[in-house]
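Work through the exercises below with the sequence and the model at hand. Try each task before reading its solution.

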Amino acid sequence: MRKRLWLSILFGSLGLVVGCGGGSNSSGGSSSNPSPPASSTTNVLAITIDGGPTATQSGGAIYTNGVFASATICAPGSNSNCATVDHLLVDTGSMGLRVLESAIPSLKLPAVNASNGSAAYNCVSFVDGSFLWGPVQGATVTLGKETASNVPIQVISTSTANIPTSCSGNNLSEDENTQSSLGANGILGVGLEPTDCGSICESGATPPDAYYTCSSLPCSPEFISQANQVANPVVMFPNDNNGVIVELPKLSGSAASVNGSLIFGIGTETNNQLSSSATVFTLVCDSFTTIFENQTYSVTDPQACTGGSFIDSGSNGLFFPDVNNSIPVCPSNTPIGDLSSFYCPTSAQSLSATNEDPNNTSTTKKTNFTVDNALNLFTASSSDAAFSTLGGLNPAGYGFDWGVPFFYGVNVYSAIDGQPMPSGLQNGPWWAY
C-alpha cells in the first residue's frame, strides 16, 4: 500500500525541467530508422502484479498494484559475471534501472564517472521525502530477449555513510535501500526520456542535487555527461528502442495477481503496431492536460514545468485533487497502517475525467473510472495485490496521476523523446491509449 511520485531533477512522474523542449536528448541508443515490421516475440517482457518480493515473507507486506519484471544484469563484456533480479518495479514515470546492492551482492560492475573524472553517485528523491542513493555503474542489461550494452545504472547502496544532506534531507531513515522499505528489488524506469536528467545535469551555472562525487568529503554535486547518466535501457537496445507498450488485462474489483506484458518498440514489429483505436497525445514537459470536476490540470509554467497530468505505472492508484472535498480521505491510524494518501468514500464513486492534448485541444478522450474505499478494499481482500478502484489524493500542484488502475484493460503506449519513429508516426514524446 504505497504511493510513489518522483521529485527533484528526474523527468519522472512530475515531468520536470528537461522534458519541456522536445526531442533533442540522446544517451547512445540506436539512431538508425526502426526496422520494418517483422513477426517476433523477442521484444516481450513478462510483467506481473503479485504483491512484490515481501508478500510471501513472514512479516512482509503486499505492494498493492506494483507492476514487476525481471532483468539480467551482467558486467560489461561478460556472460558469466551476471545476476538475474526479479521484482523490479516497472515505472513508465521515470528513467533508468536502479537495483538494490543487496540484490546483486557478488556482481562487480565498473564505476561510471562524472565530468570531473571521479566516480559518480546518484540521488533520487520522492514527494514523500524518501530517497535512493548509490553509485552509477556500467552494466549489460537484458530484458526478456532484448539486450542493452554499457548501460549506466544506479546501484542503491546498502550503506548510509557519506550521503549528503542535500540528498537525505538530514533524515537517513527515509533511505529506501532495503527490499522491505522499497517494496521491490529495484526500479525499472522505462519512461519518456533517454536519460534521467538530460542537459540540466550536463552543464550550467551550478550542478543540481542529482549527481555527486565523493573523492573528497562531504560528497558534492557535480555535472555529468548525458552519456554517463542513468539511462533508460530501452533506448540502448539495437532495435525496438523507440518506446514501450504496457499491456494488462481488464480487471473488475480485485485479484490476487495479474499477469501482462511490456512490449518494446512502437511500430517496429507486428506485435507493437499503434492500434487504430488509440488516441495519441503529444506533451508539454512530458505531461498532458486532464479536466476533472471542472478543473483543468495542465502545465502552468513551461519553464519550470510545474503542474501537468501524467500516466505512470509507478503509481499504484489514481491520484488526483478533490477540489469539491466530496471524497473523504482515509485516516492515518487504521488497523493496517497509515492510509491517508488514499480515498475512503462511504460507497464506490463513479467518476469521469477528460484527457486533452496540450498542443491540440481538439484531441481529447474521456475516461470513466471508479474509486472505492481503500480501507474496505484492503481488509476485505487482504491477500489480493491488484485493485482496479484504488484512488487517492494528489498534492496540490501535481495534477492528475493516472496510475496502475488506468492500465487495466487499456494498452498504453509511451514514445520516447528523440527516438526514431516509423513513417506515419510523429516523434516522441507522446502517450497513446
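**Exercise 1. Locate Cys305, then decide whether Cys305 is buried or exposed.**

Solution. This is a predicted model. Start with the strands on either side. Strand 17 covers 299–301 and strand 18 covers 306–307; Cys305 sits in the loop between them. Next, check the backbone. Phi of Cys305 is positive, about 60°, and the residue is not a glycine. Most residues other than glycine have a negative phi. Last, check the cover. Buried means under 20% relative accessible area. Cys305 has 1% relative accessibility, so it counts as buried.

**Exercise 2. Find where Asp240 lies and what its phi is near.**

Solution. Asp240 belongs to the loop between strand 10 and strand 11 (243–247). Its phi is near 55°, a positive value in a residue other than glycine. Now take the accessibility of Asp240: the value is 4%, so this residue counts as buried.

**Exercise 3. Which residues do the cis peptide bonds at Pro218 and Pro429 join to these prolines?**

Solution. Recall the background: most peptide bonds are trans. Take Pro218. A cis bond links Leu217 to Pro218, with omega about 0°. Pro218 is in the loop between strand 9 (211–213) and strand 10 (220–221). Take Pro429. Here the cis bond joins Gly428 and Pro429, and omega is about 10°. The loop that holds Pro429 runs between strand 26 (412–415) and strand 27 (430–432).

**Exercise 4. Describe the surroundings of Cys74.**

Solution. Place the residue: Cys74 is part of strand 2 (residues 68–74). Its relative accessible area is 9%, so Cys74 is buried. List the contacts, leaving out residues up to four places away in sequence: Asn81, Cys82, Leu109, Ala139 and Thr140. Then compare with Ser58, 16 residues apart from Cys74 along the chain. Their C-alpha atoms are separated by 31 Å.

**Exercise 5. How many bridges join strand 3 to strand 2, and how many to strand 8?**

Solution. Strands of a sheet pair through backbone hydrogen bonds, either parallel or antiparallel. Strand 2 and strand 3 run antiparallel and share six bridges. In this pairing, Ala69 is opposite Leu88 of strand 3. Strand 8 (residues 186–190) pairs with strand 3 in the parallel sense, over four bridges. Here Leu89 faces Ile187 of strand 8. Finish with burial. Strand 3 (residues 82–91) has ten residues, and seven of them are buried, so the strand is largely enclosed by the rest of the structure.

**Exercise 6. Which strands stand at the edges of the open sheet 19-25-20-24, and why is one side of each left without a neighbour?**

Solution. Read the order of this four-stranded sheet, whose pairing is mixed: 19-25-20-24. Strand 19 (310–311) and strand 24 (391–392) are the edges; each has a single partner strand, so one side lacks a neighbour in the sheet. Strand 24 pairs with strand 20 (residues 318–319) in the parallel sense, over two bridges. One bridge pairs Phe319 with Gly392 in strand 24.

**Exercise 7. Give the overall secondary structure, then judge the compactness of the chain.**

Solution. The chain has four helices and 27 strands. Its radius of gyration is 20 Å; the globule rule gives 22 Å for 433 residues, and the two are close, so the chain is as compact as a globular protein of that length. Of the 433 residues, 57% count as buried. Now take contacts between residues at least 6 apart in sequence: 69% join residues at least 24 apart.

Technical notes:
Residues are numbered from 1 along each chain as its sequence is written. This is a predicted model: local features need pLDDT of at least 70, side-chain atom pairs count only at pLDDT 80 or more; totals for chains, interfaces and linings use all residues. Side-chain values use heavy atoms; hydrogens and water are left out. Buried means under 20% relative accessible area, exposed over 50%, partly exposed in between (1.4 Å probe, protein chains only). Contact means heavy atoms within 4.5 Å. The radius of gyration is taken over C-alpha atoms; the globule rule is 2.2 Å times the number of residues to the power 0.38. Two strands pair if DSSP finds at least two bridges between them.
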